[in-house]
Amino acid sequence: MKHAKATATLMLVLFASGCSQAKEEKRAFEVPDSLCGTPVPAELLSPVLPASGEKITEEEKVGNGYFRCTVSVDGTSVLNAKWTWWGKGTSTVNVAGSQWGVELDEHVSKDRTYTYADKGGVSRVTCPEPSVPTRKTEMELFAQIFLSNNGRPDEATMEKLIQAYAKSVSASPECVQK
């Protein structure tokens, strides 16, 4: 009888605590399969985007030698993806150091083509050699992804995401212009 009362009390406490927990919010938005038109697998974006929210939007800015895409959920910036041209010989760690508040020298690939951390990554983009020399033959293209405070840090996903983004940028018109 003593054990029955204790068991009943425990079950009542567990039941009550389960009822008082708020339901987990779910996403009302569909995870895109691109970053402002640059294809990336939705399954790589999903883990770094908020687990809940109503609406996802993308805003892009294009300039001479750069492209930036800001992904927002419910009006709040979550992720920034961009590509920029840098001088030959620039390292991925140097490019990562240009992003305020981010230190990405913890994980550098053996071939030094990319570096990443839980909140961002940088990768050198491999572009085909142009048939006619241009100013871009003296430059290298880099892809960057960085989370804002509202993104969900995920080191393993970020490594795959920056590589996928760089691969897609390598097939973009910016990279293959001759």
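How many bridges join E4 to strand E5, and which way do the two run? I opened the notebook with that one. Eight bridges join E4 to E5 (residues 76-87), and the two strands run antiparallel. Note to self: this is a predicted model.

**Entry 1, the sheet.** I picked out one bridge from that pairing: Ser 72 has Ser 77 in E5 as its bridge partner. Then I traced the rest of the sheet. Seven strands make it up, the sheet is open, and the order reads E3-E4-E5-E9-E8-E7-E6 with antiparallel pairing. Which strands sit at the edges? I found strand E3 (56-63) and strand E6 (107-108) there, each pairing on one side only. Reminder for the margin: strands of a sheet pair through backbone hydrogen bonds, either parallel or antiparallel.

**Entry 2, the helix on the sheet.** Next I looked up what helix H4 lies across. H4 (residues 155-170) lies across E4, E5, E6, strand E7 (114-117), E8 and E9. I also noted its direction, which is about 140° to E9.

**Entry 3, counting disulfides.** With sulfur pairs within 2.5 Å taken as disulfides, I get two of them. Numbering the bonded cysteines in sequence order, I wrote the pairing down as 1-2, 3-4.

**Entry 4, Cys 36 and Cys 69.** I checked the S to S distance for this disulfide and got 2.2 Å. The link is right-handed, with 70° about the S-S bond. What does this pair tie together? Cys 36 is in the loop between strand E1 (34-35) and strand E2 (38-39), while Cys 69 is in strand E4 (residues 66-73), so the disulfide ties together parts 33 residues apart in sequence. Buried or exposed, I wondered, for Cys 36 and Cys 69? Both cysteines turn out to be buried.

**Entry 5, Cys 127 and Cys 175.** Here the S to S distance comes out at 1.8 Å. I read -125° about the S-S bond, and this link is left-handed. Cys 127 belongs to the loop between strand E8 (120-125) and strand E9 (139-147), and Cys 175 to helix H5 (residues 173-176), so the pair ties together parts that are 48 residues apart in sequence. I looked up accessibility for each end as well. Cys 127 counts as partly exposed because its relative accessibility is 22%, and the cut-off for buried is under 20%. Cys 175 has 3% relative accessibility, so I put it down as buried.

How values were computed. Residues are numbered from 1 along each chain as its sequence is written. This is a predicted model: local features need pLDDT of at least 70, side-chain atom pairs count only at pLDDT 80 or more; totals for chains, interfaces and linings use all residues. Side-chain values use heavy atoms; hydrogens and water are left out. Helices (H or I, at least four residues) and strands (E, at least two) are DSSP runs, numbered from the N terminus. Buried means under 20% relative accessible area, exposed over 50%, partly exposed in between (1.4 Å probe, protein chains only). Two strands pair if DSSP finds at least two bridges between them. Contact means heavy atoms within 4.5 Å. Axes are lines fitted to C-alpha atoms, for helices over the stretch in contact, and angles run from 0 to 180 degrees between N-to-C directions.
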